[in-house]
Amino acid sequence: MQTGTVVSYSVEKGWGFIRPDNCDGVDLFVHISDLCDCTGADLVPGTRVSFDRRFNKRRSKYRAAEVRLIN
């Protein structure tokens with residue numbers, strides 16, 4: 001599991017972006033379907049999360065999956 005910080009999240013749209021702590025300069029897309037033990041309303045900018053990084057074949061990019069809040 002990796003960790004990062006929520007950069008933005010739109011509850012209305014059901015998606016947003018997470019900035020991984022490894023600072024490779026690429027924010028990861030996160031979709032509401034990838035949230036575990038939290039809701040979209042929990043993902044406000046600055047929230048710390050843990051997640052798995054998965055490759056999205058359709059978009060040819062990595063995304064955040066199994067996103068959980070860090071307490």
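Modeller: Let's start with terms: helices (H or I, at least four residues) and strands (E, at least two) are DSSP runs, numbered from the N terminus. Two strands pair if DSSP finds at least two bridges between them. This is a predicted model, where local features need pLDDT of at least 70 and side-chain atom pairs count only at pLDDT 80 or more, while totals for chains, interfaces and linings use all residues. Residues are numbered from 1 along each chain as its sequence is written, and side-chain values use heavy atoms, with hydrogens and water left out.

Biologist: Thanks! How do you know that strand β4 and strand β5 pair?

Modeller: Seven bridges link β4 (residues 48–56) to β5 (residues 61–69) in the antiparallel sense, and the cut-off is at least two, so they count as paired. Within this pairing, R54 is opposite R63 of β5. The two strands make a hairpin with four residues between them, and in its turn S60 has a positive phi of about 55°.

Biologist: And what makes β2 and β3 a pair?

Modeller: Strand β2 (residues 15–20) runs antiparallel to β3, with four bridges joining them; that also meets the minimum of two, so the term applies. One of the bridges puts G16 with V30 of β3.

Biologist: Which residues of β3 point to one face and are buried?

Modeller: L28 and V30 do, whereas F29 and H31 point to the other face and are not buried. In a regular strand, side chains alternate between the two faces of the sheet.

Biologist: Why is S50 called buried?

Modeller: Buried means under 20% relative accessible area, exposed over 50%, and partly exposed in between (1.4 Å probe, protein chains only). S50 has 13%, so it is buried. This serine belongs to strand β4. Setting aside neighbours within four places in sequence, S50 is in contact (heavy atoms within 4.5 Å) with M1, Q2, T3, E66, V67, R68 and I70.

Biologist: E66 is on that list. What makes E66 partly exposed?

Modeller: Its relative accessibility is 30%, which falls between the two cut-offs, so partly exposed is the right class. E66 sits in strand β5 and has a positive phi, near 50°, though it is a residue other than glycine.

Biologist: Why are D37 and P45 called exposed?

Modeller: D37 has a relative accessible area of 70% and P45 has 58%; the cut-off is over 50%, so both are exposed. The loop between β3 and β4 holds D37 as well as P45. D37 is not a glycine, yet its phi is positive, about 60°. As for P45, its C-alpha is 7.4 Å from that of T5, 40 residues apart in sequence. Beyond four places in sequence, P45 contacts V6, V7 and S8.

Biologist: How do you know which residues line the largest pocket?

Modeller: A pocket is an open set of points on a 1 Å grid over the protein atoms alone, where a 1.4 Å probe fits, with protein on both sides within 12 Å along at least five of seven lines; lining residues have an atom within 4 Å of a point. Here the lining consists of F17, V26, D27, L28, F29, R53, N56, R59, K61, Y62 and R63. Two or more residues come from each of β3 (28–31), β4 and β5, and the largest share, three residues, is from β5.
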